[in-house]
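These are my notebook entries on a single model, set down in the order in which I looked things up. I wanted to see backbone oddities, ring contacts and helix packing.

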Amino acid sequence: MGVLDGLKPERVFYYFEEICKIPHGSYNVKAISDYCVSVAKSLNLAVRQDEEYNVIIRKPASPGYGEAKALMIQGHLDMVCVKDADVEFDFEKDGLKLVVEDGYIRASGTTLGGDDGIAVAMGLAILEDDTIEHPDLEVVFTTEEEVGMEGAIALDTSDLKAEYLLNLDSEDEGHFLAGCAGGVKAKALLPMSQMTAEGTKMTIDMTGLTGGHSGAEIHKCRANANILLGRFLYQLHETIPFCLIGVHGGDKDNAIPVDSHAEIVVSSEDIETVENLTKGFQQDISIEFRTSDPAISIRSSVGDQGNYDVFSMSLMEKVIFMLMQVPNGVQTMSADLPGLVESSLNLGILRTTAEGVAMTWAIRSSVKSLKLLMKDKLRYMTEFFGGEISFSGDYPEWTFNPDSKICALCKKLYEEKTGRKASVEMIHAGLECGLLSEKMPGLDMVSLGPDMQDIHTSREKLYIASVERTYQLVLDVLKEFKNYCR
């Protein structure tokens, strides 16, 4: 018996549970890609798998739909891998431990991968069901979406015929997306420069933050652990002399970091000062983020006395300055679509390595010039301090299309079938639709999906009833497609 046995739609949840058994974090997608290929072959469907492990599966139109336009159903195979600090789990080897609770599915102590495993499950369920009425289908599963849409960038679309696209990578039922932000990943490195220092080692820990998706939840004013660490180190720098051994925080550039840590060296007579400053900072930050991050914890601990390799004074100053001054969070709001974030960036990863101190950001913008402005700011600051910066995974924005036929059809059918009000929107998060529209000019697209909460965190959960409604909507769209999208 599977954990999800008995949930409806049964075949969707069957495939979702099978997917959850297969490790499929970004850059570890061969196994799940091969699984999708094996399903297609078992159904005697045409399938293509490329070097990036993208999978394209074709299913001929059902009787009476041969004259309809071809339709693409699309999602991505990789998931964000985040776990609680006290959980023993290997994303390279272990299957997710699913839990059904209060009408939701979650994973015990880790991300669930509903983003975007539920899209893959829906696609496979549609492919196997010969009772569904539908046009020619091209089911496309891409890879490495969560780390810069690398699969979609590499995807060869020259043999794809679809003129319409259902992207199943959204997390808000009844909200149909017809536009999204573009983005790019930035990675800066301040070269290592060290000296030795004698004293007592102390560790500063920022933990318990709420975190979240750096696109969908960047506007919620949640604390960024790496930025908080910089604020604390600045206050400490203004109070006592100390040396910095290293800094470390966050796991993913596109996830607001929930923890960050620093190791410092202080004189024995300053230990109490550090402890008092930590307590005071905890009190201030708890008030400042009492709504968005109620469980925030800032603690110091005392280690051994000895000689340590530490940052040079120059490097320490540069690191603290950048963590204090670098732009982070929402930068501009849209004047055309009230309430929509227009541009933002997220310092998601902070690392100390033998080469130096590395910082990685996810940059997002629905306006190209603002994306360039944020890149320039990071480049200018990094190079001013003698560092180097690189950019990767640049993907375009998806220009808002209020006249999308496929989007209008989804909205119409949703409202008719559920009696609920739907909306057509643009979001700040990045979707592969922008890349696909560049490769396939004229492609009419919509993005939709069931309700999910707290994606890219270990609190991620998928609403079961919403999956059933969303899957039925997709089937209704396939059935009515030939009458509306011509």
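**Entry 1: backbone.** I began with Met149, which lies in the loop between strand S6 (137-142) and helix H4 (150-154); helices (H or I, at least four residues) and strands (E, at least two) are taken as DSSP runs and numbered from the N terminus. I note that this is a predicted model, in which local features need pLDDT of at least 70 and side-chain atom pairs count only at pLDDT 80 or more, while totals for chains, interfaces and linings use all residues. Residues are numbered from 1 along each chain as its sequence is written, and side-chain values use heavy atoms, with hydrogens and water left out.

Met149 is not a glycine, yet I found for it a positive phi of about 55°. Its relative accessibility is 2%, so I entered Met149 as buried, where buried means under 20% relative accessible area, exposed means over 50%, and partly exposed is what falls in between (1.4 Å probe, protein chains only).

I then turned to Cys221, which is another residue other than glycine with a positive phi, near 60°. Cys221 sits in the loop between strand S10 (212-213) and H5. Is Cys221 buried or exposed? I recorded Cys221 as exposed because its relative accessible area is 58%.

I also looked up two cis peptide bonds. One joins Lys8 and Pro9, with omega about 0°, and Pro9 belongs to the segment before helix H1 (10-20). Another joins Asp115 and Asp116, with omega about 10°, and here Asp116 is part of helix H3 (residues 114-128).

**Entry 2: two loop residues.** Asp253 has its place in the loop between strand S11 (243-249) and strand S12 (255-256), and with a relative accessible area of 9% Asp253 is buried. Which residues does Asp253 touch, if those up to four places away in sequence are not counted? I listed Lys185, Ser214, Asn346, Gly348, Ile349, Thr360, Trp361 and Ala362, contact meaning heavy atoms within 4.5 Å.

Leu448 is found in the loop between strand S20 (444-447) and strand S21 (452-453), and its relative accessible area of 2% makes Leu448 buried. Leaving out residues up to four places away in sequence, I found that Leu448 touches Leu166, Asn167, Leu168, Asp169, Ser170, Phe176, Thr470, Leu473 and Val474. I also looked up Leu448 against Ile320, 128 residues apart along the chain, and found their C-alpha atoms separated by 41 Å.

**Entry 3: aromatic rings.** Phe176, listed above among the residues that Leu448 touches, led me to the rings. How many aromatic pairs does the structure hold? The count is 8, given that rings of Phe, Tyr and Trp (its six-membered ring) pair if their centres lie within 6.5 Å, with planes under 30 degrees apart counted as stacked, over 60 as edge-to-face and the rest as tilted. Phe176 and Tyr414 make one edge-to-face pair, at 5.8 Å centre to centre and with 75° between the planes. This pair links distant parts of the chain, since Phe176 is in strand S8 (residues 175-191) and Tyr414 in helix H9 (residues 405-418), 238 residues apart. Phe176 counts as buried at 1% relative accessibility, and Tyr414 counts as buried at 4%. I also noted one aromatic cluster, formed by Phe321, Phe384 and Phe385.

Next I looked for charges over rings, which requires NZ of Lys or CZ of Arg within 6 Å of the ring centre and within 35 degrees of the ring normal. The charged end of Arg11 sits over the ring of Tyr14, 4.2 Å from its centre, and that of Lys461 sits over the ring of Tyr104, 4.5 Å from its centre.

**Entry 4: helix packing.** Tyr14 came up again in H1, where Tyr14, Tyr15, Glu18 and Ile19 meet Ile32, Tyr35 and Val39 in H2. H1 and helix H2 (residues 30-42) pack at an angle of about 145°, with their axes 10 Å apart; axes are lines fitted to C-alpha atoms, for helices over the stretch in contact, and angles run from 0 to 180 degrees between N-to-C directions.
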